[in-house]
Amino acid sequence: MDKAFPKDFLWGGAVTAHQTEGAWNLDGKGPAITDHQTAGSYTSPRIFTRSINDSYYYPTHNAIDFYNRYGQDIALFAEMGFGCYRTSIAWTRIFPNGDDETPNQKGLDFYRRVFEECKRHGIEPLVTLYHFDMPVHLAKKYGGWQSREVVGLFTRYCEVVFNEYRDVVKYWLTFNEINVMTMPFGDALLGKLPEEEESAVMLGDPNIKDDPSQRYQALHHMLLASAGAVDLAHRINPEFRICGMITAIASYPLTPNPDDVLAAQQSMQLGNYLCGDVMVRGAYPRFADKMFEKMGVTIQKLPGDEEILMRGRVDFLSFSYYASGCISASGKGEAGSGNFLLANKNPYLTASEWGWTIDPAGLRYILGELYSHYQIPLMIVENGLGANDVVAPDGAIHDPYRIDYIRRHIQCMREAIEDGVDLMGYLVWGPIDIISASTGEMKKRYGFIHVDLDNEGNGSFARSRKDSFDWYRKVIASNGADLD
Ligand code: BG6
């Protein structure tokens, strides 16, 4: 059996602007709501503040200083043989307030330098247009995605960047994990600031205030904005390939009790297929209306919305995958067993130091699920292990657990391709250590490249290669045939 992956398979890594760049208020950049989130930990939530409070440490403000070090970092990605690098554009670097008359030239220039540097090394950028980073001005003025006004402003931003980078970017991604809006996770994901001066943003916190009508209305606006961006991208450059993205909800029934089986099915319908269907098929699925009815949710739609969604069907579907979870009809389960899924732990599986279930076979399962549903190309744009690495006295970082995690996921991905799934690529999350989105920590490290920086922002920012660096280089050089 040939163990290599399909020719042109895209290997690489993925990050965001706010978790890497820093320079949060330099060269004309405006604040995003992600700049208003303090550092937290596994056990204590990040604090989301309405204004910047100087007594707190906000990790995105300097992040890992990619803004100044992108040349060195991209060279390291190239050394590993990356064919693809996913990052996001910070909307507030292009339009500092989100609704400015003209774009910020310094922001446009920065991303041009980054994308050109990638191309010079033979790396295709895959560019996310929105990754939880609503401009603060729009959060204050409109309450983020609750307002339809924001859809128009987002479309304008997309038009500017599509035109600006039409010669250097081919692959685009509209919204990071748009389906997290089907789960009650509070203000930040709606693009709002908290109403009170401070609020805890720990994902899955049962005390989080949730108004499902407001949340699904915001989701409708995001789906319209996503579809509008797809349509615009196709008109601006027919060569563009643009995808939607979900966080894959791989649900197993907790027991063979048919009630649990049905609950697991419903969790995937709501979690994956509601947004997937709108983005891939261009319409809400029939089950959505029934679910909204049961939840008491009414969405305000305007005449013409159906056409916008239909015109904005994506070219491929991408997803993040970290964990699976077990669903029981009798309760929701616990937060923390994965990045977003509220589910019960699986007694057959182990978990990461942050409690995220480790389930490589779940990747094959979800690939099969999504492909049999949509039959369009799929791409894994996030997968990896957050771990607390130890630097040995000689400076080496031995991370066999990371190699083991990624190896097992790649093996299952290969099996899914043998099952018949059309898979375009695989991007490891955080190929260089970055700020954790859920906890704001540095010590939750995903990278092949270590960054000398701690949870409080102390360190030299120096980069060094972990053991996994050479391993991933070999994987890519052999097109996935050599996983040893
Ligand atoms: C995904 C997000 O849900 O999970 C990323 O798209 C995030 O932004 C990633 O970093 C891993 O989560 P965390 O909390 O370990 O950084």
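## A walk through a predicted fold

Let's start at Gln37, which sits in the loop between strands S1 and S2. Before going further, keep in mind that this is a predicted model, where local features need pLDDT of at least 70, side-chain atom pairs count only at pLDDT 80 or more, and totals for chains, interfaces and linings use all residues. Residues are numbered from 1 along each chain as its sequence is written, and side-chain values use heavy atoms, with hydrogens and water left out. Helices (H or I, at least four residues) and strands (E, at least two) are DSSP runs, numbered from the N terminus.

Is Gln37 buried or exposed? With a relative accessibility of 8%, Gln37 counts as buried. Here "buried" means under 20% relative accessible area, "exposed" means over 50%, and "partly exposed" is in between (1.4 Å probe, protein chains only). Setting aside neighbours within four places in sequence, Gln37 is in contact (heavy atoms within 4.5 Å) with Arg46, Ile47, Phe48, Tyr58, Pro59 and Ala188. Take Pro59 from that list: 22 residues separate Gln37 and Pro59 along the chain, and their C-alpha atoms are 7.8 Å apart.

**Helix H13 and its neighbours**

Now jump to helix H13, residues 467-477. Which of its residues are buried? They are Ser468, Phe469, Trp471, Tyr472, Val475 and Ile476. These residues span an arc of only 170° around the axis, so they end up on the same side of H13. That arc is taken from the directions from the helix axis to the C-beta atoms. Some background helps here: an α-helix has 3.6 residues a turn, so residues three or four places apart point the same way.

What do the buried residues of H13 pack against? The list is strand S1 (10-14), helix H1 (66-80), helix H12 (400-419), strand S12 (423-429), strand S13 (449-451) and strand S14 (463-465). After H13 comes Asn479, with a positive phi near 50°.

Helix H1 is also home to Gln72, which counts as partly exposed because its relative accessibility is 41%. Gln72 and Arg463 are 391 residues apart in sequence, yet 8.8 Å apart in space, C-alpha to C-alpha.

**Two loop residues with positive phi**

Asp65 and Phe132 each have a positive phi without being glycine. Here they are together:

| Residue | Phi | Place | Relative accessibility |
|---|---|---|---|
| Asp65 | near 60° | loop between S2 (47-49) and H1 | 14%, buried |
| Phe132 | about 65° | loop between S4 (124-130) and H4 (136-142) | 15%, buried |

**Two more buried residues**

Ile380 lies in strand S11 (residues 378-382), and with 0% relative accessibility it counts as buried. What does Ile380 touch, leaving aside its neighbours within four places in sequence? Its contacts are Phe319, Leu363, Leu367, Met413, Leu423, Gly425, Tyr426 and Leu427. As for Ala248, Ile380 is 132 residues away from it in sequence and 9.6 Å away in space, C-alpha to C-alpha.

Arg215 belongs to helix H7 (residues 212-236). Arg215 counts as buried because its relative accessibility is 6%. Not counting residues up to four places away in sequence, Arg215 touches Met181, Thr182, Met183, Pro184, Leu190 and Asp210.

**Cysteines without partners**

A disulfide is a covalent bond between the sulfur atoms of two cysteines. The rule used here asks for a pair of cysteine sulfur atoms within 2.5 Å. How many disulfides does that give? The count is zero. For Cys158, the closest cysteine sulfur is in Cys243, 13 Å away, so it is too far for a bond. Cys275 also has its closest cysteine sulfur in Cys243, at 14 Å, which is too far for a bond. Cys158 is buried, with a relative accessible area of 0%, and Cys275 counts as buried at 0% relative accessibility.

**Holes inside**

Finally, the cavities. On a 1 Å grid over the protein atoms alone, a cavity is a set of points where a 1.4 Å probe fits but cannot get out, and lining residues have an atom within 4 Å of a point. Grid points are joined across faces, edges and corners, and a volume is the space filled by probe spheres set on the points. How many cavities of 30 Å³ or more are there? There are five, and the largest has a volume of about 80 Å³.

The largest cavity is lined by 14 residues, and Ala17, His18, Lys29, Asp35 and Ala90 lie nearest its centre. By class, its lining has four nonpolar, five polar and five charged residues. In this scheme Ala, Val, Leu, Ile, Met, Phe, Trp, Tyr, Cys and Pro count as nonpolar, Asp, Glu, Lys and Arg as charged, and the others, Gly among them, as polar.

Definitions and conventions
On a 1 Å grid over the protein atoms alone, a cavity is a set of points where a 1.4 Å probe fits but cannot get out, and a pocket is an open set with protein on both sides within 12 Å along at least five of seven lines; lining residues have an atom within 4 Å of a point.
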